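User: Hi, could you walk me through this one? I'm new to reading structures, so please take it slowly.
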Amino acid sequence: MSQDTATYDAAAEFHDRASLSQKAQALLHKYPWLSSTMVLVVASIIFSFFNENFLTPSNFSLILQQVAIVGAVAAGQTLIILTAGIDLSCGAIAVFSSMTMAKLVQGTPGEGEPVGWAIWLAFPAGLLVGMLGGAINGFLVTKVKLPPFIVTLGTYNVFLALTLTLTKGTVPSIEMDPFLLTLGHYVNLGPFRVTTGVLFMFAMYMVLAFVLRYTSWGRHVYAVGDDIDAARLAGISVNRVLMSVYMVAGLTFALAAWIVIGRVTVASPNTGGDLNLDAITAVVIGGTSLFGGRGTIFGSLIGAIIVGVFRNGLTLAGVDLYYQLLAIGLLIIFAVSVDQWIRKARK
Amino acid sequence: MSKSPILQAVGLTKSYGRVVALDGSDLELFPGEVLAVVGDNGAGKSTMIKCLSGAEIADEGQIILDGQQMSFKRPQDGRHAGIETVYQTLAVAPALDIASNLFLGREMRKKGPLGSVLRMIDSSGMRKAAKEHISALGIGTIQNITQAVETLSGGQRQAVAVARAAAFGQKLIILDEPTAALGVRESRQVLKLIESLRDRGMPVILISHNMPQVFEVADRIQIQRLGKRAAVVTPKSHSMNDVVAIMTGAMTVDKKDQALKSVR
């Protein structure tokens, strides 16, 4: 027995003498958002050397407005990626929701004046369409048991086709309902001047962060993504959790669509093209693992801001657009490499 | 001597396609005993406990718990009825901490409107309770209850899984190969855990390959062969060689020589 204790102490001592890189690994493992926050701070400092206008409240207000839409979509995307899924149809759902809202308000032109729906009907209907889109994804993932990648690749095309059918491929230039434009208004916050859409996005993050951190449902989302069989055996209704994740995500995509309308003041079928991949980029750069179970929602917000900061900073530094794309690409690879490195630590 | 079983399975049958994993197997577990279930690979041990815990649904047969017939459809049903199972795969979420894992699927809510309206979970309460459960089992090696389970050793993970079962098991606990992946020292710990469970009056079903361990802790030993119950013996009535012989079909035991009743 005494020998046992001796070996144990030796093992403990060995543990204490972890190298610096092991310590860094452990730290990143515990706080996955740490590396992305560091990237954000370092990048901001470097960019401020190249252009004195970079580190100003007005410029950061601009960046935040640019990332509000991607950030909102990334919030929902994070939930799905935490369950080890992925949603390639997020942008398509957002655009389809925004078109639904706009079309319902506008009404169908027939004889005489088109009669649209009241906003208090049209707006919830648009949100419902988003949730329904998510529910279709969730159904195919949980009941038909298809991989999320394939499911959402399919529904991406389906929602896109539905949107184009709805608009007949044209951009409806209509007088938008004032309520739908709410999130385009500006507010002053000290030196910052941002749209209400930015604040709305922040609020979405707050709510989701609370739910993930402080409710059973949040723990179950992590558990399902971590090890789905273990979660099932531990007594979690895995399918119910997955279904709810896809539906809540669909709702956030529809809310993101509201921000889209406020920003571009029309509902256009062409606004959501880049949203799909941009949202995934933000989540990945934010330190959430594509293998599920690890990451934080605020990481995705930081990830979205990093992409915005890189685009803006490189532009202000006079860097060609092509190189901006290159930088974002390298950033993604860097983020995934860090994730793999952290995962190796625990094996 | 004439105790009635707390858990009884009658004629459990389960096939996967054309493979018959369980072929009309019986099982009785009596109050306060450790029943070991042994058998060769493919004898239907794991399938049987999955049926008993609700992870699988038997094609035929009955499960009677405390005199009541059960029909489990999901693992939750078994848990709800008071049967806790520690699966071979442990069923822990590696990235979550010990306390979260202990309460996974049945988190405690905060009292008052924070819990009922906002549905907030009581993290500190769960941490405190988890600490109590872990120390009640005499597992002293876990210092930090907020440690992620993936940072634990195999034996400590096993201890967490057993602690979870012990904390919530009302009627009985099923352990599937709890020492298969463990070293000598850690196996000792788990065997001690089983004994402390029995001392607390908790009936245990232990699935194992390890004969010396089975003979050390079991009150009765059920031997499975080809999806059926071949015999039930006690460590006193039969030797390890006998059990292996029964397992492989080289030996049969007459019904009257079997330990079909409680021996405790």
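Analyst: Before we look at how the chains touch, it helps to know that two residues are in contact if their C-beta atoms, placed from the backbone, lie within 7 Å. Please also keep in mind that this is a predicted model.

User: OK, so how many residues does each chain put into the contact?
Analyst: Chain B contributes 22 residues to the contact, and chain A contributes 20 residues.

User: And which helix of chain B gives the most there?
Analyst: That is helix H2 of chain B, residues 75-81, which gives three residues to the side that touches chain A. Sorted by class, this side of chain B has 12 nonpolar, five polar and five charged residues.

User: What ipTM does the predictor give the complex?
Analyst: The predictor gives an ipTM of 0.82, together with a pTM of 0.86. For chain B, the mean pLDDT is 88, and 97% of its residues reach 70 or more.

User: Switching topic, at what angle do H4 and H12 of chain A cross?
Analyst: The axes of H4(A), residues 57-82, and H12(A), residues 275-285, cross at roughly 65° and come within 8 Å. Because angles of 65 to 115 degrees count as roughly perpendicular, H4(A) is described as roughly perpendicular to H12(A).

User: Is that crossing left-handed or right-handed?
Analyst: The crossing of H4(A) and H12(A) is right-handed.

User: Which residues meet there?
Analyst: From H4(A) they include Ile69(A), Val73(A) and Gln77(A), while those from H12(A) include Leu275(A), Asp278(A) and Val283(A). By class, the contact between H4(A) and H12(A) has 10 nonpolar, three polar and one charged residues.

Definitions and conventions
Residues numbered from 1 in each chain as written. Chains lettered and ligands numbered in written order. Predicted model: local features only at pLDDT ≥ 70, side-chain atom pairs only at ≥ 80, totals over all residues. Axes fitted to C-alpha atoms, helices over the stretch in contact; angles between N-to-C directions. Helix = DSSP H or I, 4+ residues; strand = E, 2+ residues; numbered from the N terminus. Parallel < 35°, antiparallel > 145°, perpendicular 65-115°, else oblique. Left-handed = near helix turned anticlockwise from the far one by under 90°. Nonpolar A, V, L, I, M, F, W, Y, C, P; charged D, E, K, R; others polar. pLDDT = per-residue confidence, 0-100.
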